[in-house]
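Student: I would like to learn how to read the surroundings of a ligand and the pairing of aromatic rings. Could we go through them one at a time?

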Amino acid sequence: MTASHTVVLRDVTEDDRRRLRDWRNSPEVAAFMYSDHQIGQAEHDRWFDGLAGDARRCYWVIEVDGEPVGLANLADIDPHNRRCAWAYYLASPSVRGLGVGSYIEFWVIEHVFRTLGFGKLWCEVLVSNEAVWKLHERYGFQREALFRHHVIKDGAPADVVGLGLLATDWPARRDEMAQRLLAKGYALPFT
Ligand SMILES: CC(C)(COP(=O)(O)OP(=O)(O)OC[C@H]1O[C@@H](n2cnc3c(N)ncnc32)[C@H](O)[C@@H]1OP(=O)(O)O)[C@@H](O)C(=O)NCCC(=O)NCCS
């Protein structure tokens with residue numbers, strides 16, 4: 001398969017305020033998040049206004065061919081321990097399955113290990129979100145934790161997996177993942 005899609009991660013701007021609330025409240029995104037209540041304007045504004053100047057968090061809007069399609073972020077940025085967590089979503093099912101998720105994995109891993117020089121990237125994923133934790137595992141993330149009944153989803157306790165990738169793990173996976181991206185028609189980021 002060859003794709004000619006261009007994926008860009010850009011800074012969040014004021015123009016994204018409404019878009020991010022709409023995305024986050026949509027069933028296609030809320031289904032995969034820890035909390036799935038409808039987020040009101042005041043709650044959203046508190047979150048959005050708190051992003052600026054928070055050194056422990058970093059957000060990017062994912063654009064495909066110039067169209068905003070999702071959100072990626074680093075969380076718990078911890079320079080002392082040289083690690084951070086991350087997450088992302090593609091808001092529209094229409095852009096899923098095009099390789100965008102693979103591109104985001106590669107981009108974030110390279111950014112954290114090469115640009116930030118951190119030693120570890122980790123994340124938490126609902127066990128039910130098999131597509132995502134399998135994608136992470138393909139990129140070399142190892143399952144480090146199983147948090148039982150960690151969150152209430154749809155009114156019932158749900159399990160969560162914790163996954164981690166070390167900077168020292170990545171070289172063994174990088175070339176194969178780069179080839180997969182190239183085969184899907186994407187240019188490698190940071191090269
Ligand atoms: C899972 C998801 C993030 C992957 O992003 P994507 O751009 O669709 O993924 P890609 O097109 O790069 O596909 C990567 C691989 O995962 C597989 N895959 C993607 N979605 C899948 C799904 N729902 N079920 C099974 N496999 C899936 C693809 O077949 C592909 O395998 P391949 O490389 O062997 O062809 C996205 O499809 C999705 O469903 N998101 C749900 C909401 C979300 O964003 N959740 C993240 C919460 S942290």
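**Reading the ligand site**

Tutor: Let us begin with the neighbours of the ligand in this predicted model: there are 18 residues around the ligand, and those that come nearest are Gly97, Gly99, Gly101, Ser102 and Arg180.

Student: How do the residues of the shell around the ligand divide into nonpolar, polar and charged?

Tutor: Nine of the shell residues are nonpolar, five are polar and four are charged.

Student: Which elements each supply at least two residues of the shell?

Tutor: These are the strand β4 (83–90) and the helices α4 (100–115) and α5 (130–138), and α5 gives the most, with four residues.

Student: Which atoms lie at short range from the oxygen atoms of the ligand, and at what distance does serine 102 lie?

Tutor: A polar contact needs two N or O atoms within 3.5 Å, and for serine 102 a polar side-chain atom lies 2.5 Å from a ligand oxygen. In glycine 97 it is a backbone N or O atom that lies 2.6 Å from an oxygen atom of the ligand, while arginine 180 places an N or O atom of its side chain 2.8 Å from a ligand oxygen.

Student: How much of the ligand's accessible area does the protein cover, and where does the ligand sit?

Tutor: On its own the ligand has 880 Å² of accessible area, of which the protein covers 71%, and the ligand sits in the largest pocket.

Student: How is a pair of aromatic rings described?

Tutor: One gives the distance of the centres and the angle of the planes. The whole structure holds 10 aromatic pairs, and one of them joins phenylalanine 106 and tryptophan 170 in an edge-to-face arrangement, with 5.5 Å centre to centre and 70° between the planes.

Student: Which parts does this pair tie together?

Tutor: Phenylalanine 106 lies in helix α4 and tryptophan 170 in helix α6 (residues 170–183), so the pair links parts that are 64 residues apart in sequence.

Conventions: Residues are numbered from 1 along each chain as its sequence is written. This is a predicted model: local features need pLDDT of at least 70, side-chain atom pairs count only at pLDDT 80 or more; totals for chains, interfaces and linings use all residues. Side-chain values use heavy atoms; hydrogens and water are left out. A residue is near a molecule or strand if one of its heavy atoms lies within 4 Å of it. A polar contact is a pair of N or O atoms within 3.5 Å; within protein, one must be able to donate a hydrogen and the other to accept it, and residues adjacent in sequence count only if both atoms are side-chain atoms. Accessible areas come from the Shrake-Rupley method with a 1.4 Å probe; for residues, only the protein chains shown count as cover. On a 1 Å grid over the protein atoms alone, a cavity is a set of points where a 1.4 Å probe fits but cannot get out, and a pocket is an open set with protein on both sides within 12 Å along at least five of seven lines; lining residues have an atom within 4 Å of a point. A molecule sits in a cavity or pocket if more than half of its atoms lie within 2 Å of its grid points. Ala, Val, Leu, Ile, Met, Phe, Trp, Tyr, Cys and Pro count as nonpolar, Asp, Glu, Lys and Arg as charged, and the others, Gly among them, as polar. Rings of Phe, Tyr and Trp (its six-membered ring) pair if their centres lie within 6.5 Å; planes under 30 degrees apart count as stacked, over 60 as edge-to-face and the rest as tilted.
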